[in-house]
Amino acid sequence: VVKTVITPACHAGGRGFESLPFRHFFAREQISLCLYTRKNKVVCFFRILQDLRKYDTAPDFWGPFVFPATTSSISYIMSELYTFFASPEQFSSDSILLQGQECKHLASVLRLKPGTDVQVLNGQGRTALATVQTVSKREAVLSIREMHETPRPASLPIIALAFSKAARRGFFLEKAVELGACEVWVWQGEHSQGKLPEDVRDSWQSKMIAGCKQSSNPWLPAVRSFSQGLPEVIAQAADFEHHLLPWEMQQGVPMLTLNDMGRAGRTIYIIGPEGGFSARELGLLTEAGYKAVSLGQRILRCETAATLCLGLHWWASQQADRPDAPQAQ
C-alpha cells in the first residue's frame, strides 16, 4: 500500500515536493484516511491527494487505492501507526489507560495530541486501534475504535537458556519476540558465568516489550527464572509434548531436522551456558528423555544457538503441512 507520501512542500513552508513517511502525515492530520469495504475490497482514499492534481509534477497514481479485504491488509495499515503496550488490566470495554514509560513516550517524546490514532498491544493476542482522548504527564486515556483478536499459535516453542553474562542478550530477547517464542526460561547452570540475578525477569520482560512493539507481535513471551538449576527446569517441562537438546557436534548426535520442529504442542529447547553442560546435567537430560540434536560443526554462543533454534522452529511451523501454516488469501 502506501508507505511514503509525496506532498507539495508548501505544507512544510518551502517549494517543490517533500517525501515523508505516511504515518507522519497521519499523526499530524495533514491527510484524511478513509477506509471502507466494497465487494470484499478495502478502499483507501487520501483527501489531500486530490489537491496534488493541479501540480504538473504530481504523480499519476494518486487517488483511491484498492486491495483485498484481509486481516493482513488491515494489519499492514495499523502497522503504520505508532504502537504502544498496555497490560490486559489497563484495557476496559471501551478505553485503554497508558501510564509510566508508555505515557511518557506518547506525551513527551512523540508529543501526540488528542484525536491521534494509535495501535495498542496487550501481549495476550489483543490489538486495538484507539484514539487519544486525554494526555497528561502521568497518564493518557485512549478510546477503543476497533479490536482484533489473534489466536495463539498451535506450535509453541519454549527456550530454556542458561544464564550467562553475554553482551548481546538484548538482541536475543528482541528476536525471541519477533520469531514467536511462547516463553523464555533462564536457569542457573553449573557452568554459568555468574549468579542468576533476582530481578532478571523484570529486566528481560522490558526488553521483550520493546520487541513486541517493534514487530507488532500481539503475543508477548512470558519470562521465568529457575535459580535451582536444571532439575527445576526438567520438572516444569515434564508434560511438554517435545523435548530437544541442541548440542555441539558430538559423535552419534543427529542433525536437527524439519521433522523435529514446528509441530503442534509445546517444544522446549535446552540451551547450555558458555561453559557447556556439566556431566551431571547431561545425565539428568538423558534420563528425562531429551533428544540430543546438533546445530552443525561450529560451536555457537548460547544466544546465537537460541536465536537459530527459534528461527528454524518458526520456519518449520510455516510449512504447508503444519497447523500454523499461512492460509491462502
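**Salt bridges, rings and sheet**

R322 is buried, with a relative accessible area of 11%. Here buried means under 20% relative accessible area, exposed means over 50%, and partly exposed lies in between (1.4 Å probe, protein chains only). The model is predicted: local features need pLDDT of at least 70, side-chain atom pairs count only at pLDDT 80 or more, and totals for chains, interfaces and linings use all residues. Residues are numbered from 1 along each chain as its sequence is written, and side-chain values use heavy atoms, with hydrogens and water left out.

R322 forms a salt bridge with D321 (a side-chain nitrogen of Lys or Arg within 4 Å of a carboxyl oxygen of Asp or Glu). The closest N and O atoms of R322 and D321 are 3.7 Å apart. D321 counts as exposed, at 61% relative accessibility. The whole structure holds nine salt bridges. Side chains of opposite charge can pair when their charged atoms come close.

D260 and K291 also meet through their side chains in a salt bridge, at 2.7 Å from N to O. This pair links distant parts of the chain, 31 residues apart. D260 lies in the loop between strand 14 (242–247) and strand 15, and K291 lies in strand 16 (residues 291–294). Strands (E, at least two residues) and helices (H or I, at least four) are DSSP runs, numbered from the N terminus. D260 counts as buried because its relative accessibility is 6%. K291, at 38%, counts as partly exposed.

The salt bridge between E178 and K175 stays within one helix. Both residues lie in helix 5 (residues 169–178), three residues apart, or about one turn of the helix. Their closest N and O atoms are 3.3 Å apart. E178 is partly exposed, with a relative accessible area of 31%. K175 is partly exposed too, at 22%. Elsewhere, salt bridges link D239, E241 and R266 into a network.

Aromatic rings were examined next. Rings of Phe, Tyr and Trp (its six-membered ring) pair if their centres lie within 6.5 Å; planes under 30 degrees apart count as stacked, over 60 as edge-to-face and the rest as tilted. Three aromatic pairs result from this rule. The ring planes of W185 and F226 stand at 50°, so this pair is tilted, with the centres 4.9 Å apart. The pair bridges distant parts of the chain, 41 residues apart. W185 belongs to strand 12 (residues 183–187), and F226 belongs to strand 13 (residues 222–226). W185 is buried, at a relative accessible area of 1%. F226 is buried as well, at 1%.

W187 and F277 form a stacked pair, with 6.3 Å from centre to centre and 15° between the planes. W187 lies in strand 12 and F277 in the loop between strand 15 (265–271) and helix 8 (279–287), so the pair ties together parts that are 90 residues apart in sequence. W187 is buried, at 0% relative accessible area. F277 also counts as buried, at 12%.

Ring pairs join W185, F226 and F240 into a cluster. W185 has a charged partner besides. The charged end of R224 sits over the ring of W185, 5.2 Å from its centre. For this, NZ of Lys or CZ of Arg must be within 6 Å of the ring centre and within 35 degrees of the ring normal.

Strands 12 and 13 are part of an open sheet of six strands, in the order 13-12-11-15-14-16, with parallel pairing. Strand 13 and strand 16 are the edge strands, each pairing on one side only. From one strand to the next, the twist averages 25°. Two strands pair if DSSP finds at least two bridges between them. Strand 14 and strand 15 run parallel and are joined by three bridges. L244 has Y269, in strand 15, as its bridge partner. Helix 6 (residues 200–215) lies across strand 11 (155–162), strand 12 and strand 13. Helix 6 runs at about 155° to strand 13. Axes are lines fitted to C-alpha atoms, for helices over the stretch in contact, and angles run from 0 to 180 degrees between N-to-C directions.

A last case is L142, in strand 10 (residues 139–149). L142 is buried, at a relative accessible area of 0%. Leaving aside neighbours within four places in sequence, L142 is in contact (heavy atoms within 4.5 Å) with residues including S95, I96, L98, V118 and V132. L142 and S95 are 47 residues apart in sequence, yet 5.5 Å apart in space, C-alpha to C-alpha.
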